[in-house]
Amino acid sequence: MIEELKSILDEGTDEERQILELALQSIRQKRERKSAFLSGFLGLKGQFLDERTYSFEIPITPFMHNSTGAVHGGILATLIDSTMGSLINRSLPEDKYAVTTELKVNYLRPAKGTRLRSEATFLHRGQTLVVMDTSIYDERNKRVAHGTGTFIVLKK
C-alpha cells in the first residue's frame, strides 16, 4: 500500500492527489471531532445562522463529481441529510438524538462550480417526530437542490 501511495504522490494526477488529501482530512476530522469519515471527505464545517437555521458551506472537490462533471446526486442528498441531522442533533438535550426516517430530494439544476451552501430549517418540531427543510445553493446563489426530511427523536 505504501508503494502505491508513493506512486500516486509521484506520478498521479492532481485529482488523484486531491482524493488522497481528502482521505487524510477525513481521518483527521474523525479523530478530532468523532464525526463520520464522510463528513471529512465532504469538508463539513457548519454553523447556526439563527436558532432555527443551520448551514454548511463546502468546497466542490473531484470526490463529488459524477461522470458529467456535476456534483453527484447522492452527494447532494447526503449534504441535505447531514445539514438537517446536524440542526436537529445540535438542538436536542444531551440525553436524546435523532435519526432520519424519511428523506425526499428534488434536483433542480446541475451543481457545478467551486462551492455549495446548504441551509436547513425546522418545518415542524414535535416531541417525537421532526420535519425539516433544506436547500442547497451554488456559488451564484442559485438553488440546485431542495429536500425535506422526517427525523425521529430517541433517548440515548
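This is a short tour of the structure above, one selection at a time.

**Before you click**

You're looking at a predicted model, where local features need pLDDT of at least 70, side-chain atom pairs count only at pLDDT 80 or more, and totals for chains, interfaces and linings use all residues. Residues are numbered from 1 along each chain as its sequence is written, and side-chain values use heavy atoms, with hydrogens and water left out.

**Stop 1: the whole chain**

Show the chain as a cartoon. You should find four helices and six strands. Here helices (H or I, at least four residues) and strands (E, at least two) are DSSP runs, numbered from the N terminus. Follow the chain along its sequence and the pattern reads α-α-α-β-β-α-β-β-β-β. The C-alpha atoms fill a box of roughly 55 × 35 × 25 Å along the principal axes. Of the 156 residues, 37% are buried. Buried means under 20% relative accessible area, exposed means over 50%, and partly exposed is in between, using a 1.4 Å probe and protein chains only.

**Stop 2: the sheet**

Now select the strands. In what order do the six strands of the open sheet lie? The order is 1-2-4-5-6-3, and the pairing is antiparallel. Two strands pair if DSSP finds at least two bridges between them. Strand 1 (46–50) and strand 3 sit at the edges, each pairing on one side only. On average, neighbouring strands are turned by 25° against each other, direction ignored.

Next, put helix 4 on screen too. Helix 4 packs on the sheet and touches strand 1, strand 2, strand 3, strand 4, strand 5 and strand 6. Contact means heavy atoms within 4.5 Å. The direction of helix 4 makes about 145° with that of strand 3. For such angles, axes are lines fitted to C-alpha atoms (for helices over the stretch in contact), and the angles run from 0 to 180 degrees between N-to-C directions.

**Stop 3: strand 6 and its partners**

Zoom in on strand 6. How many bridges join strand 3 to strand 6? There are 11, and the two strands run antiparallel. Pick Tyr 97 and you'll find its bridge partner, Leu 154, in strand 6; Val 99 stands opposite Ile 152 in strand 6.

Strand 5 also pairs with strand 6 in the antiparallel sense, over nine bridges. Try Thr 134, whose bridge partner in strand 6 is Gly 147. The hairpin of strand 5 and strand 6 has four residues between the strands, and Asn 141 there takes a positive phi near 65°.

**Stop 4: the nonpolar core**

Select Val 71, Ile 88, Leu 116, Met 132 and Ile 136. In the largest nonpolar core, which has 30 residues, these five touch the most other members. A nonpolar core is a set of buried Ala, Val, Leu, Ile, Met, Phe, Trp, Tyr and Cys residues joined through side-chain atoms within 4.5 Å. Elements that each supply at least two residues include strand 2 (53–59), helix 4 (73–90) and strand 4 (115–125). Helix 4 gives the largest share, eight residues. In soluble globular proteins, nonpolar side chains tend to be buried together.

Centre on Ile 88. Leaving out residues up to four places away in sequence, Ile 88 touches Ala 98, Phe 122, Arg 125, Val 130, Met 132 and Phe 151.

**Stop 5: the aromatic rings**

Pick Phe 48, Tyr 54 and Phe 56, which form one aromatic cluster. The structure holds three aromatic pairs. Rings of Phe, Tyr and Trp (its six-membered ring) pair if their centres lie within 6.5 Å; planes under 30 degrees apart count as stacked, over 60 as edge-to-face and the rest as tilted. Phe 48 and Tyr 54 have ring centres 5.0 Å apart and planes at 80°, so this pair is edge-to-face.

Is Tyr 54 buried or exposed? Tyr 54 is buried, at 2% relative accessibility, while Phe 48 is partly exposed at 38%. Now add Ser 86 from helix 4. Ser 86 is buried, with a relative accessible area of 12%, and beyond its neighbours within four places in sequence it is in contact with Tyr 54 and Phe 56.

**Stop 6: a loop between helices**

Finish at Ser 35, in the loop between helix 2 (14–33) and helix 3 (37–42). Ser 35 is buried, at 15% relative accessible area. Setting aside neighbours within four places in sequence, Ser 35 is in contact with Gln 29 and Lys 30.
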